[in-house]
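Subject: Structure handover

Hi,

Here is the structure I promised to pass on to you. Have a look at it first, and then read on for what turned up in it.

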Amino acid sequence: MEKKAMEKKAVEIKVEKGMLETLEARYYDYRAKQDIINSVFDLHKFDNDALVVSSAPFRAFEKAFAEAKVKYDAAMDMVRDTYIPQDLREAGCRWEVDFDEGKLIVTPV
């Protein structure tokens, strides 16, 4: 007797507009800072020393980047805990946010 693989269908969950706007703002702040850091590394990839990354301006920016990442992660945790049902979280799932449609797409794993 053959076992059929269980089909795991994605679930779409509507997200409250204010929560979505907060998450989106934190995402773009984090990504913008990440892009700048990546650009700095790209511009200085052939340097013979670490002066750029040990400079006070870079360290300050790196701190701002870390803070943006923590805020983004906290917003993601809040969205996950608020909108994704406990049984899906416990069973294991992947999820992503569709900012244009204002929803989460949750796929069981």
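Let me start with Val79: leaving aside its neighbours within four places in sequence, Val79 is in contact with Met19, Leu23, Ile84, Trp95 and Leu104. Please keep in mind that this is a predicted model. Val79 is found in helix H3, and at 1% relative accessibility it counts as buried, because the limit for that is under 20%. Away from those contacts, the C-alpha atoms of Val79 and Lys45 are separated by 37 Å, with the two positions 34 residues apart along the chain.

**The nonpolar core**

Val79 also appears in the largest nonpolar core, a set of 20 residues. Val79 is among the residues with the most contacts inside this core, along with Val15, Leu23, Tyr83, Leu104 and Val106. H1, H3 and E3 are the elements that give two or more residues to this core. Which of them gives the most? That is H3, with 8 residues. As general background, nonpolar side chains tend to be buried together in soluble globular proteins.

Leu104 is worth a click too. Not counting neighbours within four places in sequence, Leu104 is in contact with Val11, Glu12, Ile13, Val15, Val79, Tyr83, Ile84, Trp95, Glu96 and Val97.

**The two helices**

Helix H3 covers residues 56–83. Its 28 residues should span 40 Å at 1.5 Å a residue, and its end C-alpha atoms are 41 Å apart, which agrees. The buried residues in H3 are Phe58, Phe65, Ala68, Tyr72, Ala75, Met76, Val79 and Tyr83. They pack against strand E1 (11–14), H1, helix H2 (51–54), E2 and E3.

Helix H1 has 27 residues (17–43) and reaches 39 Å from its first C-alpha to its last, close to the 39 Å expected. At the start of H1, a side-chain oxygen of Glu16 comes to within 2.8 Å of the backbone nitrogen of Gly18. Met19, Leu20, Leu23, Tyr30, Lys33 and Ile37 are buried in H1. The cover over these buried residues includes helix H3 and strand E2 (93–98).

**Charged pairs**

You may have noticed a lysine in that list of buried H1 residues. What does the side chain of Lys33 meet in a salt bridge? Its partner is Asp29, at 2.6 Å from N to O. Both residues lie in helix H1, 4 residues apart, or about one turn of the helix. In general, an α-helix has 3.6 residues a turn, so residues three or four places apart point the same way. Lys33 is buried, with a relative accessible area of 18%, whereas Asp29 counts as partly exposed at 34% relative accessibility.

The whole structure holds 10 salt bridges. In H3, the side chains of Arg80 and Asp77 meet in one of 3.2 Å, N to O; these two are 3 residues apart in the helix, so about one helical turn separates them. Arg80 counts as partly exposed at 28% relative accessibility, and Asp77 does too, at 35%. Arg80 also meets Asp81 in a salt bridge of 2.9 Å, N to O, and Asp81 counts as partly exposed at 40% relative accessibility. Through salt bridges that share partners, Asp77, Arg80, Asp81 and Arg89 are joined into one network.

**The hairpin and Lys103**

Strands E2 and E3 run antiparallel and are joined by 6 bridges. They form a hairpin with 4 residues between them, and Gly102 in the turn has a positive phi of about 70°. Leu104 comes back here, as the bridge partner of Val97 in E3.

Lys103 is found in strand E3 (residues 103–108). Is Lys103 buried or exposed? Lys103 is buried, with a relative accessible area of 15%. Its side chain is joined to that of Glu12 by a polar contact of 2.9 Å. Beyond four places in sequence, Lys103 touches Glu12, Ile13, Lys14, Val15, Glu96, Val97 and Asp98.

Happy browsing, and best wishes

Definitions and conventions:
Residues are numbered from 1 along each chain as its sequence is written. This is a predicted model: local features need pLDDT of at least 70, side-chain atom pairs count only at pLDDT 80 or more; totals for chains, interfaces and linings use all residues. Side-chain values use heavy atoms; hydrogens and water are left out. Buried means under 20% relative accessible area, exposed over 50%, partly exposed in between (1.4 Å probe, protein chains only). A polar contact is a pair of N or O atoms within 3.5 Å; within protein, one must be able to donate a hydrogen and the other to accept it, and residues adjacent in sequence count only if both atoms are side-chain atoms. Contact means heavy atoms within 4.5 Å. The expected span of a helix is 1.5 Å times one less than its number of residues. A nonpolar core is a set of buried Ala, Val, Leu, Ile, Met, Phe, Trp, Tyr and Cys residues joined through side-chain atoms within 4.5 Å. A salt bridge is a side-chain nitrogen of Lys or Arg within 4 Å of a carboxyl oxygen of Asp or Glu. Two strands pair if DSSP finds at least two bridges between them.
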